[in-house]
Amino acid sequence: MAALTTHSDGPLSKKQKVNHDASLKATPSSHWNKPLDNSIAEGLAPIPTAAGAFVTDHAKSLLQNSVGADEVIKSKLSNKSVAFTTPGSKVKASKDNSKGWTLSSKQKKSLNAKLLDDCRFSTFIPLHQLWISYITQVLGEKTEDMGQKIAKADYHGAYFMVVKTKCPSMIGLGGIVVQETENMIRLVSEKNQLKSVPKQNTVFSCQVNNLCFHVYGNQIRYKSSERTVRKYKNLRTFEL
């Protein structure tokens, strides 16, 4: 039989392939059915014949502390095929753990509500004192207009009071800011009550040392991270 030769110059040419196919067809079928040589057969691993014994021993090791393990093995494993794993099967993740350790938006809202339901005004006084030192340092920097600094500052810990709004029941409401979203500010009043005040059509007053600022809610209807990089225009009047 002509052997298939390889050339360093490249693949076989069309003529060489035709000659090779012809040589394969001319080879008798008995040539391919010859048994393996003893030298080759000795190097092969023996085919296991006691697979059932392995399954039985493994089942006994798992049921070694159980009563009547032999009877269970005979009834469950006798003349039956056992598959420890199903090839190609995929285990579906549970709905609760499908996203790992992260929380969904609904879970975050419920968690925030539980954390803030029992909050007290005295708990956030240290946060307010920390905010006073923070805003004092911000206002002391001569980089921007003072109004721009107030508009871009972080309000968590500030003491806000509602001075103007289209909802009369909210006028005079004050407290420490514990949460700020894009359209809402949540305050803890001195009566240990959590109040949610919309930014839209609301004017807040904030006092820092001897200075009193008015913060217009319509102009800060952004997230805290977005306000820090936003440029505000100096307008003379604001309408609710």
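**A walk through the nonpolar core**

Start by selecting Ile135 and Phe160: among the 22 residues of the largest nonpolar core, these two touch the most other members. Keep in mind as you go that this is a predicted model.

Next, colour the elements that build this core. Those giving two or more residues to the core are one helix, α6 (125-140), and the strands β1 (159-165), β3 (184-188), β5 (202-208) and β6 (211-216). Which element supplies the largest share of the core? Select α6, which contributes four residues.

Now zoom in on Ile135 and show its neighbours. Leaving aside residues up to four places away in sequence, Ile135 touches Ile150, Ala153 and Val208. You can follow Val208 back to β5, whose range is 202-208.

Then move to a second site. Apart from the largest core lies another one, made of six residues. To find it, select Cys119, Phe121, Ile176 and Val188, which are among its members.

Finally, zoom out and switch to a cartoon view. How many helices and strands does the protein have? You should find eight helices and six strands. Tracing the chain along the sequence, you will pass through α-α-α-α-α-α-α-β-β-β-β-β-β-α.

With the whole protein in view, try colouring by burial: of the 240 residues, 22% are buried. If you display contacts between residues at least 6 apart in sequence, 47% of them join residues at least 24 apart. As a last stop, turn on the surface. The accessible area of the protein is about 18,600 Å², and carbon and sulfur atoms account for 54% of this area.

Terms used. Residues are numbered from 1 along each chain as its sequence is written. This is a predicted model: local features need pLDDT of at least 70, side-chain atom pairs count only at pLDDT 80 or more; totals for chains, interfaces and linings use all residues. Side-chain values use heavy atoms; hydrogens and water are left out. A nonpolar core is a set of buried Ala, Val, Leu, Ile, Met, Phe, Trp, Tyr and Cys residues joined through side-chain atoms within 4.5 Å. Buried means under 20% relative accessible area, exposed over 50%, partly exposed in between (1.4 Å probe, protein chains only). Contact means heavy atoms within 4.5 Å. Accessible areas come from the Shrake-Rupley method with a 1.4 Å probe; for residues, only the protein chains shown count as cover.
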